[in-house]
Amino acid sequence: MAAFSGLSGVAGIAGLSTCASAQTDWPADWPADSLKAIARSRGLRFGSALGGQEPESQQRFGFADPAYRALIARECELLVHENEMKWQALRPSRDRFEFTRADAILQWAETQGLSTRGHTLLWQAPRWLPAWLNQLDFGSTPVKAAEAILREHIRTVTQRYGRRIMSWDVVNESVAHEDGELRANAFSPHLGTFGQVELAFRYAAEYAPHAELVYNDYMGMGRYFIKHRAGVLKLLDGLRKRDAPVHALGLQAHVGTSANGEWSGRGGEDEREWRRFLDEVTGMGLKLLITEFDVSDQHLLADTARRDTEVAAIGKAFLDITLSYRQLRDVLCWGMADAYSWLQVFGPRTDQLMKRGTPYDAHLQPKPLRQALAAALRAAPPR
Ligand code: G3I
């Protein structure tokens with residue numbers, strides 16, 4: 001049985017506020033209604049990812065910033081750990097689990113009345129699995145060993161948190177974007193690339209029978225995602241045919257523009273294709289979530305005002321279409337402020353300017369994207 005570290009290290013995390021009193025007075029000119037209140041008025045729920053700083057990590061994370069935590073608590077009723085619930089964070093070795101950082105964020109979320117999503121019980125790409133697993137010799141009975149490792153991980157993590165986690169990204173990004181095929185990893189020779197996905201959902205249903213079980217991926221609008229969308233539909237259809245306990249598709253919703261504009265996915269054929277995709281997914285009886293919304297402005301003009309306007313327009317166009325599906329109830333951003341967004345380290349702008357793909361700027365001031373989010377939530381058909 002693997003050993004693991006528990007809550008003991010929580011106090012050591014700088015600036016951990018354990019009560020709502022950490023709320024700061026909001027500037028008078030701030031929007032009156034919070035995003036969670038607007039969402040709730042339409043039967044939706046709004047939230048965000050939140051991550052804790054890691055040594056030498058290139059990205060800045062906001063958990064240790066009381067003002068950012070207060071902003072999250074004001075705007076959100078859902079939370080998801082940005083990194084702390086992933087294999088690479090939880091599993092320093094085959095025989096150890098390390099929960100201190102995950103526990104700290106979950107405990108804070110609960111003090112603020114936030115409901116937490118779990119991300120993720122299996123991220124299929126080897127790049128996001130721990131080195132010890134990628135290099136593992138599964139021994140003389142490799143199928144049994146592989147099943148045992150996957151089962152132990154899912155059982156230990158889901159049973160540690162029980163009903164404190166109400167929805168799990170059971171599997172993340174199984175489909176390779178470039179060809180729509182399933183990604184191979186250390187489990188594949190023994191469990192199969194599809195078989196490990198089915199097993200993960202069956203284990204999650206066994207150990208977290210209360211939870212919403214989600215397949216999460218970044219396929220989006222536009223020609224750039226044609227193979228990716230097709231691969232996801234094939235995976236979901238295969239899981240349905242095997243009667244696997246999959247309840248929903250997580251749309252990561254990392255929208256925005258690429259150099260040749262392929263990603264923007266606005267209007268015309270791109271919109272029809274996106275609606276066709278969502279119709280097929282919901283036609284399988286699956287619910288939808290927006291799990292990681294942000295807007296990449298990597299290739300937009302440098303001018304802040306014009307860029308903010310374009311980011312808001314791209315974001316709202318996507319949200320207006322996607323929120324029209326009543327099977328979608330939960331909307332989460334992948335971070336609420338530019339300074340703490342992964343976008344700063346993924347595909348940085350050539351002019352080195354800070355990317356402005358989240359609802360708040362680096363000074364925690366609301367931007368046009370925040371108003372676009374509010375407008376899209378207000379315009380959504382009631383659930
Ligand atoms: O934990 C190590 C630390 O020990 C080490 O010193 C440091 C320097 O190497 O790296 C730390 O790990 C980093 C981790 O974030 C925590 O800071 C990884 O290198 C870095 O790659 C990782 O990036 C995260 C990425 O997922 C990969 O896990 C981003 O913050 C996070 O925003 C991003 O989120 C993903 C979702 O999980 C899935 N959907 C796409 C989304 C964006 O890529």
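**Notebook: cysteines, aromatic rings and the largest pocket**

I looked up Cys 333 and recorded it as buried, with a relative accessibility of 0%. I note that the model I am reading is predicted.

**Cysteines.** I next asked which cysteine sulfur is closest to that of Cys 333. I found it in Cys 76, at 7.4 Å, which is too far for a bond. I then started from the other residue: the sulfur of Cys 76 has its closest cysteine sulfur in Cys 333, and the separation of 7.4 Å rules out a bond because a disulfide needs sulfur atoms within 2.5 Å. Cys 76 is also buried, at a relative accessible area of 0%. My search of the whole structure returned zero disulfides.

**Aromatic pairs.** I recorded 12 aromatic pairs in the structure. One of them joins Trp 87 and Trp 132, and I entered this pair as tilted, with 6.3 Å from centre to centre and 40° between the planes. The two residues belong to distant parts of the chain, 45 residues apart: Trp 87 is in helix H3, whereas Trp 132 is in helix H5 (residues 131-134). I listed both Trp 87 and Trp 132 as buried.

I then turned to Trp 87 and Phe 187, whose ring centres are 6.2 Å apart. Their planes stand at 70°, so I entered the pair as edge-to-face. Trp 87 is in helix H3 and Phe 187 is in the loop between strand E6 (165-172) and helix H7 (188-191), so this pair ties together parts 100 residues apart in sequence. Phe 187 is buried, as is Trp 87. I grouped Trp 87, Trp 132, Phe 138 and Phe 187 as one aromatic cluster.

**Charges over rings.** I looked up two arginines. Arg 69 sits over the face of Phe 63, 5.7 Å from the ring centre. Arg 91 sits over the face of Phe 97, 3.9 Å from the ring centre.

**Largest pocket.** How much space lies in the largest pocket? I entered about 1100 Å³. I recorded 36 residues in its lining, and those nearest the centre are Lys 86, Trp 123, Trp 128, Trp 342 and Phe 346. Sorting the lining by residue type, I obtained 14 nonpolar, 13 polar and nine charged residues. I also noted that helix H3 (87-90) and strand E10 (287-296) each contribute at least two residues to this lining. Helix H3 thus appears twice in my entries: in the lining of the largest pocket, and as the location of Trp 87.

Key. Residues numbered from 1 in each chain as written. Predicted model: local features only at pLDDT ≥ 70, side-chain atom pairs only at ≥ 80, totals over all residues. Heavy atoms only, no water. 1 Å grid on protein atoms, 1.4 Å probe; cavity = no way out; pocket = protein on both sides within 12 Å on 5 of 7 lines; lining within 4 Å. Points joined across faces, edges and corners; volume = space filled by probe spheres on them. Helix = DSSP H or I, 4+ residues; strand = E, 2+ residues; numbered from the N terminus. Nonpolar A, V, L, I, M, F, W, Y, C, P; charged D, E, K, R; others polar. Buried < 20%, exposed > 50% of the residue type's maximum accessible area, 1.4 Å probe, protein only. Phe/Tyr/Trp six-rings, centres within 6.5 Å; stacked < 30°, edge-to-face > 60°. Lys NZ or Arg CZ within 6 Å of the ring centre and 35° of its normal.
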